[in-house]
Amino acid sequence: MRVLGVDPGLTRCGIGVVDGTAGRRLAMAGVGVVRTPADAPVGERLVLVEQGIEAWLDEYGPDAVAVERVFSQHNVRTVMGTAQASAVAILCAARRGLPVHLHTPSEVKAAVTGSGRADKAQVGAMVTRLLRLDAPPKPADAADALALAICHIWRGPATDRLLRAAAGQAAAAGVRPPAAVAARAAAGRPRRSAASTDAVRNRESAT
């Protein structure tokens, strides 16, 4: 299973691609960030984010996309930018028919480090260890994107099975499942899209 993780952001959008299955060794396929100039209009920045994510999808052809779920912060301006970049990532994946899964920061931290309160340094250290890298990916956005992909590989299939089971039981009982459950259960069915490998990449590798 190949998962593309997206740590959304307007200035730096972390991207990480991980191969593996639950209970087996994981391997990093690629990592980097999509950057946009802070002084550019929001519309232009979102176009750059879209182009960058599309280039990664073209090159790596993931089976699923994992995006960090946006949560409320004190800085409303930062939240808005993060939410906009998150929506672009979801749109890019959905347009290709790829399953999209949202994971909260605490869920990702707990999956990777065992603690939902872990800091970025701890997440980076565990990502480095789990993927057998020489050093933690830089910047932190890149490491967070890899952590999202790892989290989904480990937790996503089990969650999808539970959702499909719940939807199946509801159907058998003649009860219509909640729309959110039905949608997530349907999204859990893997669908590969054709990947164009000759697309021009619009990203900047993490340094």
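Read from its N terminus, the chain runs β-β-β-α-β-α-β-α-α-α-α, which amounts to six helices and five strands. Helices (H or I, at least four residues) and strands (E, at least two) are DSSP runs numbered from the N terminus. The model is predicted, so that local features need pLDDT of at least 70 and side-chain atom pairs count only at pLDDT 80 or more, while totals for chains, interfaces and linings use all residues. Residues are numbered from 1 along each chain as its sequence is written, and side-chain values use heavy atoms, without hydrogens and water.

**The whole chain**

Begin with all residues displayed. Of the 207 residues, 43% are buried (under 20% relative accessible area, with a 1.4 Å probe and protein chains only). The exposed area of the chain is about 10,500 Å², of which carbon and sulfur atoms supply 55%; areas come from the Shrake-Rupley method with a 1.4 Å probe. Among contacts (heavy atoms within 4.5 Å) between residues at least 6 apart in sequence, 67% join residues at least 24 apart.

**Helix 1 and helix 2**

Next, select residues 42–60, helix 1, together with residues 76–95, helix 2. Their axes, 9 Å apart, make an angle of about 40°; axes are lines fitted to C-alpha atoms over the stretch in contact, and angles run from 0 to 180 degrees between N-to-C directions. The two helices are therefore oblique to each other, the class left once angles under 35 degrees (roughly parallel), over 145 (roughly antiparallel) and 65 to 115 (roughly perpendicular) are set aside. Show the side chains of V42, L46, V49, E50, I53, E54 and L57 in helix 1, which meet Q84, A85, V88, A89, C92, A93 and R95 in helix 2. This contact comprises ten nonpolar, one polar and three charged residues. Ala, Val, Leu, Ile, Met, Phe, Trp, Tyr, Cys and Pro count as nonpolar, Asp, Glu, Lys and Arg as charged, and the others, Gly among them, as polar.

**Helix 3 and helix 4**

Move to residues 105–113, helix 3, and residues 120–130, helix 4, whose axes come within 9 Å and cross at roughly 45°. Helix 3 is thus oblique to helix 4. Select K109, V112 and T113 in helix 3 to find their partners Q122, V123, M126, V127 and L130 in helix 4. Five nonpolar, two polar and one charged residues form this contact.

**D141**

Finally, centre the view on D141, in helix 5 (residues 140–172). D141 counts as buried because its relative accessibility is 14%. Beyond its neighbours within four places in sequence, D141 contacts D7, R12, G14 and V33.

Key:
Buried means under 20% relative accessible area, exposed over 50%, partly exposed in between (1.4 Å probe, protein chains only).
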